[in-house]
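This briefing goes through one protein model by topic. Please keep the sequence and the 3D view open while reading.

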Amino acid sequence: MNKRILTSILHILGGLIFLALPYLFAEDGFARLADLPYDSHERRNILSYLLTIAFFYTNYYVLIPRFFFRKQYGQYVLTALVCFLLIESVLVIVNRQGVSPPPAGQYNPYNHYPPPHPMGDQPPIPPFPAPKSHFSTQTPRRPGPSELTQTFFLSLAGFLMAIVIRVNIRWQQTEREKIQTELCYLKAQINPHFLFNTLNSIYSLAIVESPQTADAIVKLSSFLRYIIQESQKDQVLLQNELAYIDQYIALQKLRLGDTVYIDFSVEGRANGKQIVPLLLISFIENAFKYGVSPEEYSTITVAITIHDSELTCHVYNKKVRVFQPTAVASGIGLSNTKSRLQLLYPNRHQLVIHDTSTTFTVDLSLTLA
């Protein structure tokens, strides 16, 4: 169902429940509605609830956005006070209208007289003095303290409820905008960082005039296509993300040859599951950046396991002496990934990093959507 339609239905139901409150807990319940045409006091009660609803939406859609959110608090309080005085004025006018008698010929439940005799024009003489009719002409009464208190608390309830709901929605919108801004910033850092490392790999192949340089360039073009088309999405298919990681590791094998042992494995099936793009690659990139050296034999292990909606990623590398001048900037990828995990998988991930003098290990457990 459309979110706007659902919201409208909830507002209508909420208004109806609010109007029904004085009758739900009354002794005679909804039977009091029959007195609305004749009883000004009953009309005043139902009108006070209707005006409270009107005040709520006026405050919600007009006063709060126009004054409260613009920090014009003095004008906001003054305008709300004027609205309350208008509500009270309308209720006083209604109260002064007095009580209307029932239509001719209609039985008056408050007079204790039986209906007129069909054969006569005069009702039978009662055996005792008839009580004063509720519908007789009487002087309109002023609102009592209890009615003023009721109006005040109804208006105050609508006033505070509108502020609480509106401010809460505004806070949620601000948080979402903040998260989106942070994610855009993080993605802007991730993409150049990855491209920089990949170009370094291709540069290493070109230096030694490797015949695999052309194949590496083709793989790079597929990386860029994936980044342009997929990384802007909130979620991507897990199988596409795994294929992207596989291509990255294949490129590293072309560059490194026999100087490093790479153990890459994937267990389980993606089965249409989705994941945030470019989330796992930073840990794998870090392993290749600090776990390989042309002068030392090293080992890198990447193991990804999928079981139902749980994904685990284990990345291990042996620390070696790194001769790349770009290595000083390595912290960017990992710090960004940690921030993205906090933003996008709160309470749905566990990240454990073991950093020793000789090894570096990452263990990530993630609950997929």
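Residues 24 or more positions apart account for 74% of the contacts with a separation of 6 or more in this protein, which is a predicted model. The protein has eight helices and seven strands. Of its 369 residues, 38% count as buried.

**Surface**
- The protein exposes about 22000 Å², and carbon and sulfur atoms supply 62% of that area.

**Strand 5 and its partners**
- Strand 5 covers residues 310-318, and its side chains alternate between two faces.
- Leu311, Cys313, Val315 and Asn317 point to one face and are buried.
- Glu310, Thr312, His314, Tyr316 and Lys318 point to the other face and are not buried.
- In general, side chains in a regular strand alternate between the two faces of the sheet.
- Strand 4 (residues 298-307) runs antiparallel to strand 5, and eight bridges join the two.
- Within this pairing, Asn317 of strand 5 is the bridge partner of Ile300.
- Two residues lie between strand 4 and strand 5 in their hairpin, where Asp308 takes a positive phi near 55°.
- Strand 7 (residues 359-367) is also joined to strand 5, by nine bridges, and the two run antiparallel.
- Cys313 has Leu364 of strand 7 as its bridge partner.

**Strand 6 and strand 7**
- Seven bridges pair strand 6 with strand 7 in the antiparallel sense.
- Leu364 in strand 7 is the bridge partner of Leu351.
- The two strands form a hairpin with three residues between them.

**Salt bridge**
- How many salt bridges does a search of the whole structure find? The search finds one.
- The side chains of Lys319 and Asp355 meet in a salt bridge, at 2.4 Å from N to O.
- This pair links distant parts of the chain, 36 residues apart: Lys319 lies in the loop between strand 5 and helix 8 (331-344), and Asp355 lies in strand 6 (residues 349-355).
- Lys319 has a relative accessible area of 31%, so Lys319 counts as partly exposed.

**Helix 5**
- Helix 5 (residues 213-230) has 18 residues, which should span 26 Å at 1.5 Å a residue.
- The end C-alpha atoms of helix 5 are 25 Å apart, which agrees with that expected span.
- The buried residues of helix 5 are Thr213, Ala216, Lys219, Leu220, Ser222, Phe223, Tyr226, Ile227 and Glu230.
- An α-helix has 3.6 residues a turn, so residues three or four places apart point the same way.

Key: Residues numbered from 1 in each chain as written. Predicted model: local features only at pLDDT ≥ 70, side-chain atom pairs only at ≥ 80, totals over all residues. Heavy atoms only, no water. Buried < 20%, exposed > 50% of the residue type's maximum accessible area, 1.4 Å probe, protein only. Helix = DSSP H or I, 4+ residues; strand = E, 2+ residues; numbered from the N terminus. Pairing = 2+ DSSP bridges. Salt bridge = Lys/Arg side-chain N within 4 Å of Asp/Glu carboxyl O. Expected span 1.5 Å × (residues − 1). Contact = heavy atoms within 4.5 Å. Areas by Shrake-Rupley, 256 points an atom, 1.4 Å probe, with all protein chains shown as cover.
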